Amino acid sequence: MGDLAWIVISSMLVSNFTLVMFLGLCPFLGVTQQVQTAFRLGIANTFVLVITAMSAWFLNRYVLGPAPFLRTIAFIVVIASAVQVVEMMIRKHYPALFRQLGIYLPLISTNCAILGLAIFQSNRGYNLIQGLAFALGAGTGLTLALSLMASIRMRTELSTVPSLMRGMGVVLVIASFLSMAFMGFAGLGAS
Amino acid sequence: MTAMGAAPVPVIGDAPQVVSVQRGVALPRRPEPPLFGDFMRGIWKENPVLVQMLGMCPTMAITNNVINSLAMGLATMFVLLGSEFIVSLFRHRIPTEVRIASYILVTATFVTMVDLSLEALTPGVHRALGAFIALIVVNCLVLGRQESFAAKQPVHRAVMDALGTGLGFTLGLSIMGAIREVLGNGTFLGVQVMPAAWEPWVIMVLPPGGFLTLGIVLLTLSAFREMRAQRAAVRPGRRIA
């Protein structure tokens, strides 16, 4: 149990997927203009992460044993299908959210965080329960990072910023400070 | 042109006519930029790291020294080259509905090749890059170039584009890697370059340094751009928005 708790805390804060391990930077820099959208994208990502964790465990256990070199290809195919399912569900049940997320919804399948989770999970040899804990922690961490970034960016929209400081450069500097803050969690224990 | 030169002397009058016919034939192919343009565009004007901001994850994660950056850049270039070649070769055969899935499969094949070759040839670098070699599959840069360029252009142009974009990516990564290694570790390619009294800025090789370095590089570039725009605006005596 303590092991599971550690996996969740570790993937959520200590080695936060976005800010410490640099996975999933495209939505982090691209969809963080509004807190609500960012938060919802984080939730959608978490959902895909959980599905991926389950499928990756299944693939590792039953399929990839005799052919480990097919790992990358097998994972990416499963992820792309999972994203397709999520996309259809969101389009049916939340059409407004579907329009807001736009291109970034199908792009979840090329989000490094998803494939990264599958790869790390199999490298560390997690079982199904550990994998699910890992996915939940990573998803929460991702949502947290997206929402934090979006809140800070909304603040900068409201304040007067020198013209040079508008655009991507300053967003990256903000991200750097956020990342520094998250490094403080490293004191929680060896990761 | 024909109207001007045709009347006085028939012999000379014929010559421009021939030229103009040749031009008329050549006209549809004219707008096509030369191959060199395809090559150069990826290196500077549409540099994946510094201008387009594509493929951010490896840009941040593995650029804490120059060797890793170079290896990552070259690996990505190989994947770009192979997958753009294949996609461009089969561009009329891949059905539109399943094109993204096909592109990803093609990319994944080349990534697996790179992954296994690096593991066999340079185990040290492979260990340092870790999961990020496999993550080239989901680099937006590769999918972006396939979708926006290779799927519409003939093979030779796609190959030039892949070479240019790949070199541009390597260049961007190496700039980041050089800044971070020199400031954060005091070395360049593993050789000590800073004086012994230099206290390394450890933060530069840690995760926040990645964001900070790229942010500062981008701010510097936009400062230069603004300065140049202002100078251009002052000289002809009017403002450029």
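**A walk through chains A and B**

Let's start with F98(A): setting aside neighbours within four places in sequence, F98(A) is in contact with I90(A), R91(A) and L105(A), where contact means that the C-beta atoms of two residues, placed from the backbone, lie within 7 Å. F98(A) sits in helix α5 (residues 95-101) of chain A; helices (H or I, at least four residues) and strands (E, at least two) are DSSP runs, numbered from the N terminus. The C-alpha atoms of F98(A) and E87(A) are 7.9 Å apart, with their positions 11 residues apart along the chain. F98(A) counts as partly exposed because 16 other C-beta atoms lie within 10 Å; a residue is buried with 20 or more such atoms within 10 Å of its own, exposed with 12 or fewer, and partly exposed in between, with C-beta atoms placed from the backbone.

A quick word on what you're looking at: this is a predicted model, in which local features need pLDDT of at least 70 and side-chain atom pairs count only at pLDDT 80 or more, while totals for chains, interfaces and linings use all residues. Residues are numbered from 1 along each chain as its sequence is written, and chains are lettered from A and ligands numbered from 1 in the order in which they are written.

Now look at the start of chain A. Helix α1(A) has 13 residues, yet its end C-alpha atoms are only 16 Å apart, short of the 18 Å that a straight helix would reach at 1.5 Å a residue (the expected span is 1.5 Å times one less than the number of residues). Its buried residues are I7(A), S10(A), S11(A), M12(A), L13(A) and V14(A), and the buried residues of α1(A) pack against α7 and α8 of chain A. Past this helix, F22(A) lies in the loop between α1 (2-14) and α2 (25-30) of chain A. F22(A) has a positive phi of about 55° although it is not a glycine. F22(A) counts as buried, because it has 27 C-beta neighbours inside 10 Å.

Next comes helix α3 of chain A, where you'll find A38(A). Is A38(A) buried or exposed? It is buried, since 24 other C-beta atoms lie within 10 Å. Beyond its neighbours within four places in sequence, A38(A) is in contact with V31(A), T32(A), L146(A), S147(A), M149(A) and A150(A).

Helix α3 (residues 35-63) of chain A also packs with α6(A), at an angle of about 35° and with the axes 9 Å apart. Here axes are lines fitted to C-alpha atoms, for helices over the stretch in contact, and angles run from 0 to 180 degrees between N-to-C directions. The crossing is right-handed, that is, the near helix is turned clockwise from the far one by less than a right angle (anticlockwise would make it left-handed). Among the residues of α3(A) that meet α6(A) are V48(A), L49(A) and T52(A), and those of α6(A) include I114(A) and L117(A). By class, this contact has 8 nonpolar, 5 polar and no charged residues; Ala, Val, Leu, Ile, Met, Phe, Trp, Tyr, Cys and Pro count as nonpolar, Asp, Glu, Lys and Arg as charged, and the others, Gly among them, as polar.

I114(A) is worth a second look. Not counting residues up to four places away, I114(A) touches V48(A), L49(A), T52(A), I79(A) and I108(A). I114(A) is also one of the residues that touch the most other members of the 106-residue largest nonpolar core, along with L115(A), L117(A), M149(A), C57(B), L135(B) and V137(B). Helix α7 (residues 128-158) of chain A gives the most to this core, with 11 residues. A nonpolar core is a set of buried Ala, Val, Leu, Ile, Met, Phe, Trp, Tyr and Cys residues joined through C-beta atoms within 7 Å.

How do the chains meet? The contact takes 31 residues from chain A and 33 residues from chain B. On the chain A side, α2, α4 (71-93), α6 (112-124) and α8 (168-183) each give two or more residues, and α8(A) gives the most, with 10. That side has 23 nonpolar, 8 polar and no charged residues. I119(A), in helix α6 of chain A, is in contact with A131(B) and A134(B), leaving aside its neighbours within four places in sequence. I119(A) is buried, because 22 other C-beta atoms lie within 10 Å.

Finally, chain B has 11 helices and 2 strands. Of its 241 residues, 38% count as buried. Its helix α10 (residues 155-185) has 31 residues and reaches 43 Å from first C-alpha to last, close to the 45 Å expected at 1.5 Å a residue. Just after α10(B), G186(B) takes a positive phi of about 75°.
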